[in-house]
Amino acid sequence: MNHLIKAEFRRLLATRMWRGLLLAAALLGGGMMSAMALVGPENFTPPMPGMDTETGVRSILGILGYTAFVPAAAGTLAVTSEYRHRTAAVTFLFAPRRWQVVAAKLATYGVAGLAYGLILAGTAAAALFTVAAARGDSLGLPPGTVLALLARIGLAMVVYLLLGVGVGALVRNQVVALCLVIGYLYMGEALLMMIPGVNVLYPVLPGGATAALTDFTYLADAMSQELGSTAVHLLPPAAGALLLTAYALAATLIAVVSSVRRDIT
Amino acid sequence: MSDDRLKIEVSHLTKRYGAVTAVRDLTFTVEPGVVTGFLGPNGAGKTTTMRMLTGLVSPTSGAATIGGRPYRRLPRPSRTVGAVLDANAFHPGHTARDHLRVYAAMGGYPDSRVAELLDLLGLAEAADRRTRGFSTGMRQRLNLATALLGDPRVLLLDEPSNGLDPEGMRWLRSFLRQLADEGRTVLISSHVLSEIQQLVDDVVVIRRGELIAAGPWSRLAGPPAVLVSSPDADQLAAALRVSRPDRDAPRVEPVEGGRLRVHGLDAPDVADLAAAHRLRVHELVTEAPGLEQLFLHLTTDKAAAP
């Protein structure tokens, strides 16, 4: 098993995608946060509460949470590239116990997700505090709370990356899997929120669970107001975290089970 | 030493994909110490069989074992079996060294083994180039290097000659010969029979997923024929046909250019007979039996049957 994890780390670190992923974490964390903080949520279209309010801070943190499709797509990309480049057969020749291969990938990408989440949350914190200090604003939440919320977002990134790995291992076709992951996480859930009746499901979907982590209801509230549908009540943060973990576990379980018997042609 | 000599045994192997039977009740043995050619036209089921041998594809019924064990039960499979089943199984962004290092880690082999194989397969200079720019020959060498990481006793190669230039083929032939001479079991599949006929000792021929012939190539191919060119071809043919009244008469068939192909006599026999009858001989060639002929013979005979 240690051999397999070592091999997966070598496989990941030898690609350019790895550096691209870390760069994306810094750009989304530091870059996007400083841009949003510099412009100020009150100047968004439509305008949102300012950074000096709790809702304002939660909102821009919540928007950061929406970038979770990026690590998810990276996980999917990494796993499906084994099928696309036909190395999966070679891998299973070296390690015929396929569940071990999938488990090693999950361990490796769990660490990669942690690195991604750390960089994302770290650069976001740096950007947020620096810009607020430069503008002489005070944030609507105490720094400790902001850091705790960012840490939750960072951990959510690990879960999303593993979700992406799970979907990739299940679907195997790179293009289809990527369309599925990005399409659902980036657009699908937002569209679901607009459908009356279906939007009550939102709190238990991955996006709703992530929003629960930071208690980010602004977007959902705005949408239900706009559409005149019932307001969405998010789960408590702890329940959201548990639910997200359950999603990741389900994805990995499906990934492990589905890989075991299928023919590699 | 006997422990190192591993047989491949395929017994009643069948694979169905829905209504299509890719491999049907296939039984054969591959011996160590020789190179065995696994032959058949495209779509005959060679690749499916090799993937069942290595546990990548699960058989519908029957079994395939290597040294008595199914592939998935081998304790450290890459130490026992090296397989090249795909000509192009690399991440294009990985270098040759990256690729080998991934699988060296997976098999538990040291990095020194990676360097050793890069040297052995003549890839040392290309080691740090990304595989997307590799030629077919380099890809084949990298495939072989990957398969050889664990210094396996059994080597399985699916269509290794595909896309190789004559120099690459020559190199592959001597390389595989050396491996077989070390007592390893070597099975190579091909649909381009002429390319591997100089290389194989034994053959297994399949068509439409069924076994057609198996055994030492020399026995299956039969004795060589003699090709003789003579301006007195008609008289020579008549003389040849009655030359051995006590035994099976030699078979003589005219071929284009006024030549004769003689089965059942060797070149000295034909020359002596021509001299005895004062018939002229312009050319006399011993024709090694070609796999191509054997293969066509075996497959068309079956195809003609209802």
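Two strands count as paired here if DSSP finds at least two bridges between them. Keep that in mind for the first stops, and remember throughout that this is a predicted model.

**Stop 1: the sheet in chain B**

Select the strands β5 to β9 of chain B together with β3(B). What order do the six strands take? Going across the open sheet, you read β5-β6-β7-β3-β8-β9, and the pairing is mixed. Colour residues 81-84 and 210-216 of chain B next: these are β5 and β9, the edge strands. Each has a single partner strand, so one side of each is left without a neighbour in the sheet. Now turn the view to look along the sheet; from one strand to the next, the twist averages 15°.

**Stop 2: the β5 edge**

Zoom in on β5(B) and add residues 154-158 of chain B, which make up β6. These two strands run parallel and are joined over four bridges. To find one of them, pick G82(B) and look across to its bridge partner, L155(B). Then show residues 136-148 of chain B. This is helix α5, which packs on the sheet and touches β5 and β6 of chain B. Its direction makes about 160° with that of β5(B).

**Stop 3: a helix across the middle strands**

Next, select residues 166-181 of chain B to bring up helix α6. Which strands does α6(B) lie across? You should find β3 (35-39), β6 and β7 (185-190) of chain B under the helix, which runs at about 145° to β7(B).

**Stop 4: the β9 edge**

Move over to the other edge strand and select residues 202-207 of chain B, strand β8, along with β9(B). This pair is antiparallel, with six bridges. Click V204(B) and you will see A214(B) of β9(B) opposite. The two strands form a hairpin with two residues between them. One residue to check in the turn is R208(B), whose phi is positive, at about 50°.

**Stop 5: the whole of chain B**

Zoom out and colour chain B by its domain assignment: domain 1 covers 2-220 and domain 2 covers 225-288. Taken over C-alpha atoms, the centres of these two domains of chain B are 43 Å apart.

**Stop 6: where the chains meet**

Bring chain A into view. Its contact with chain B takes 24 residues from chain A and 29 residues from chain B. On the chain B side, highlight α2 (77-80) and α3 (96-107), the elements that give two or more residues. Which of them gives the most? That is α3(B), with seven residues. By class, this side of chain B has 13 nonpolar, 11 polar and five charged residues.

**Stop 7: two helix pairs in chain A**

Hide chain B and select residues 16-39 and 54-65 of chain A, helices α2 and α3. They pack at an angle of about 150°, with axes 11 Å apart, and are therefore roughly antiparallel to each other. Their crossing is right-handed. Show side chains for M32(A), M33(A), M36(A) and A37(A) in α2(A), which meet I60(A), I63(A) and L64(A) in α3(A). This contact has seven nonpolar residues, with no polar and no charged ones.

For the last selection, take residues 206-214 and 237-261 of chain A, helices α9 and α11. Here the angle is about 140° and the axes are 7 Å apart. α9(A) passes α11(A) in a left-handed crossing. Among the residues making this contact are A209(A) and L213(A) of α9(A), and G240(A) and Y247(A) of α11(A). Sorted by class, the contact of α9(A) with α11(A) has 10 nonpolar, two polar and no charged residues.

Conventions
Residues numbered from 1 in each chain as written. Chains lettered and ligands numbered in written order. Predicted model: local features only at pLDDT ≥ 70, side-chain atom pairs only at ≥ 80, totals over all residues. Axes fitted to C-alpha atoms, helices over the stretch in contact; angles between N-to-C directions. Contact = placed C-beta atoms within 7 Å. Nonpolar A, V, L, I, M, F, W, Y, C, P; charged D, E, K, R; others polar. Parallel < 35°, antiparallel > 145°, perpendicular 65-115°, else oblique. Left-handed = near helix turned anticlockwise from the far one by under 90°. Domains from an automatic or database assignment.
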